[in-house]
Amino acid sequence: MSFLRRRRAASTEPPPPAPPSRESDSKRDKKKKGGAKNSDGRKTAEHPSTSTSPPPVRKWSCVDGCCWAIGCICSIWWLLLFLYNAMPPSFPQYVTEAITGPLPDPPGVKLRKEGLTANHPVVFIPGIVTGGLELWEGHQCADGLFRRRLWGGTFGELYKRPLCWVEHMSLDNETGLDPSGIRVRAVSGLVAADYFAPGYFVWAVLIANLARIGYEEKTMYMAAYDWRLSFQNTEVRDQTLSRMKSKIELMVATNGGKKVVVIPHSMGVLYFLHFMKWVEAPTPMGGGGGSDWCAKHIKAVMNIGGPFLGVPKAVAGLFSIEAKDIAVVRSFAPGVFDKDVFGLQTLQHMMRMTRTWDSTMSMIPKGGETIWGGLDWSPEGVFSCTSKRSKNNNGNVSTNYQPKKINYGRLISFGKDISDAHSSKIERTDFRGAEKGHSLLNKTKCDVWTEYHDFGLGGVKAIVDYKVYTAGSILDLLHFVAPKMMARGSAHFSYGIADNLDDRKYQHYRYWSNPLETKLPDAPDMEIYSMYGVGIPTERAYVYKLTHPSECYIPFQIDTSADGSSEDSCLHGGVFSINGDETVPVLSAGFMCAKGWRGKTRFNPSGIKTFIREYDHAPPANLLEGRGTQSGAHVDIMGNFALIEDIIRVAAGATGEELGGDQVYSDIFKWSERIDLPL
């Protein structure tokens, strides 16, 4: 049987291949030379598998490199995100302490150990851009976005549909209210402004530390509002001021009559100034609370980073949609903003959108040349923008060190030489009333409307020929370049100094957010704090130049090539810097509490006590500290442990004297004395 199985297996094996014949060899040679032929005699292409030549090598392209880089970045990001979520919560603190030593207790933990507990209810007033906005009604391009955040959060819709996002974030250019068919509203609750974006806190650290001594949502209130609107229009459209009034009254009534501690930040400081006048004013313009409402309901107002007298950065934003950071990007990569990239005229769209936000006009510098200085003087006078000082052989600071005088009063100068020259050597031609000429732009190719589209060569030349603009002429400049925007703004805001505060015209709401044109409430037991960071170069004045003409262009831009000639120069990249918190100069944040409201003055007739609390900036020691616990930057100061401790102590019942009174590192008192303001 085994023999049969072997025979059967052998019979199933395939026969060995026959040796190639000479005929087949000759046919193969012909195929190699000329290829095979079909039935009609035409050659056919040889199949790739029969070719003996090596396959072509694919070249590495730029697209491949970009995709590879993006893939690596995303992979690393997801790996780090996984590790961050997988590690114990205490691991970052453990690593930080291993490097820097033991970390101090958070203020809430420290003060709870001292026995402090929740006492006065607290009210948070967020500033511009830090509060979330969500969509309630929109156009077809916004389908599926009902109650999704358009501002704050991940900003996903900005990347997915940028033109639709700009359309829905803009207000009506005539009324300053909702465009037809669009409703965007403020997010409510503490989540409205606890985080601006994932991982980027605003109020979250302060809220968490207050919670550690017993605060909870019924004793904390986030007075969120649509920060794009003018202050009075938040009441007209959303009744935000009325809801704030009712909420404060409820918190006082349900907490044993304890008055609230109000904590405004940034533009929220001006918004609450407006509220304090609105709540006292009779209806229908005001809230009808009477002249003693603030005295009955408010213990203290702790203003953080308050632009009481405006900020020069607002002028640059309205004039050329720029600030220092944007100007630097334009200088290194002009195509990103100046040209039509990815179908977007970026700066023009941003200008169109932000010029409909009336709230931005609340931060135009107030007080004119009396406060901000003129052509040849400023309150700051001489200032050095570096901490370095020349030292003698003994290592001591040299007494011969003399910083250079800076003309900070010239908010805008066309050319570095103009910013340095004495006013007697500057020939100027008045731009007021000048003909703007015919538009130089091809409007058929511009899908973005800005008021520069109505400008011609005559208007551009008139602005440049005036050469220098102070706080006294900035308003005229903005009226010249953006008359429609300023017409809306002038109906809601004012920027002067009152001669007679008893004049009935100051009862109008357009004056209520200007501390130089209104009185503080009749509340002698109330306290007002000005709390802000110092030690960071802050924008104070600008050097401008003409932009190279192109389609749909903005005619003016910061001249980033303008730099100072010495090491301690305050001119870098076309921007003159001064001491501040990176956004608000010390002069604006501190003057009212240092002089304007100090003691009984015509702006503070009841003698409300005022305190200045400055926080010297110290950057984080390493990356593990995040944004730091000693930062004086405009937003990062919200995580400053010293500031949080001061707030918690006052909320727990302390007074300004118990905090230690004024805490000052800058020259705010010296600068304030140089301002000749009748009190």
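Right after helix 9 sits Gln239, with a positive phi near 55 degrees. Keep in mind that this is a predicted model, so every value here is computed from predicted coordinates.

Helix 9 itself covers residues 231–238, and 7 of its 8 residues are buried, so the helix is largely enclosed by the rest of the structure. Buried here means under 20% relative accessible area. The residues in question are Phe231, Gln232, Asn233, Thr234, Glu235, Arg237 and Asp238. What lies over them? The cover includes strand 4 (183–186), helix 10 (240–253) and helix 11 (267–280).

Helix 10 deserves a closer look. Its axis and that of helix 9 come within 6 Å and cross at roughly 85 degrees. That makes the two helices, 9 and 10, roughly perpendicular, because angles from 65 to 115 degrees count that way. On the helix 9 side, the contact uses Phe231, Gln232, Thr234, Glu235 and Asp238, while helix 10 brings Thr240, Leu241, Ser242 and Arg243. Sorted by class, the residues of this contact come out as 2 nonpolar, 4 polar and 3 charged. Phe231, Gln232, Thr234, Glu235 and Asp238 also appear in the list of buried residues of helix 9.

Now for another helix pair. Helix 7 (residues 162–169) packs with helix 16 (residues 346–354) at an angle of about 20 degrees, the axes being 9 Å apart. The two are therefore roughly parallel to each other, since the cut-off for that label is an angle under 35 degrees. As for handedness, helix 7 passes helix 16 in a left-handed crossing. Helix 7 makes the contact through Leu163, Trp165, Val166, Glu167 and Met169, and helix 16 through His349, Arg352 and Met353. By class, that gives 5 nonpolar, 1 polar and 2 charged residues.

Here are the two pairs side by side:

| Pair | Angle between axes | Axis distance |
|---|---|---|
| Helix 9 and helix 10 | roughly 85 degrees | within 6 Å |
| Helix 7 and helix 16 | about 20 degrees | 9 Å |

Zooming out, how many helices and strands does the protein chain have? There are 25 helices and 19 strands. The chain runs to 679 residues, of which 49% count as buried. Among the contacts in the chain with a separation of 6 or more, 74% come from residues 24 or more positions apart. As for the surface, the chain exposes about 32800 Å², and carbon and sulfur atoms supply 57% of that area.

Key:
Residues numbered from 1 in each chain as written. Predicted model: local features only at pLDDT ≥ 70, side-chain atom pairs only at ≥ 80, totals over all residues. Heavy atoms only, no water. Axes fitted to C-alpha atoms, helices over the stretch in contact; angles between N-to-C directions. Helix = DSSP H or I, 4+ residues; strand = E, 2+ residues; numbered from the N terminus. Parallel < 35°, antiparallel > 145°, perpendicular 65-115°, else oblique. Left-handed = near helix turned anticlockwise from the far one by under 90°. Contact = heavy atoms within 4.5 Å. Nonpolar A, V, L, I, M, F, W, Y, C, P; charged D, E, K, R; others polar. Buried < 20%, exposed > 50% of the residue type's maximum accessible area, 1.4 Å probe, protein only. Areas by Shrake-Rupley, 256 points an atom, 1.4 Å probe, with all protein chains shown as cover.
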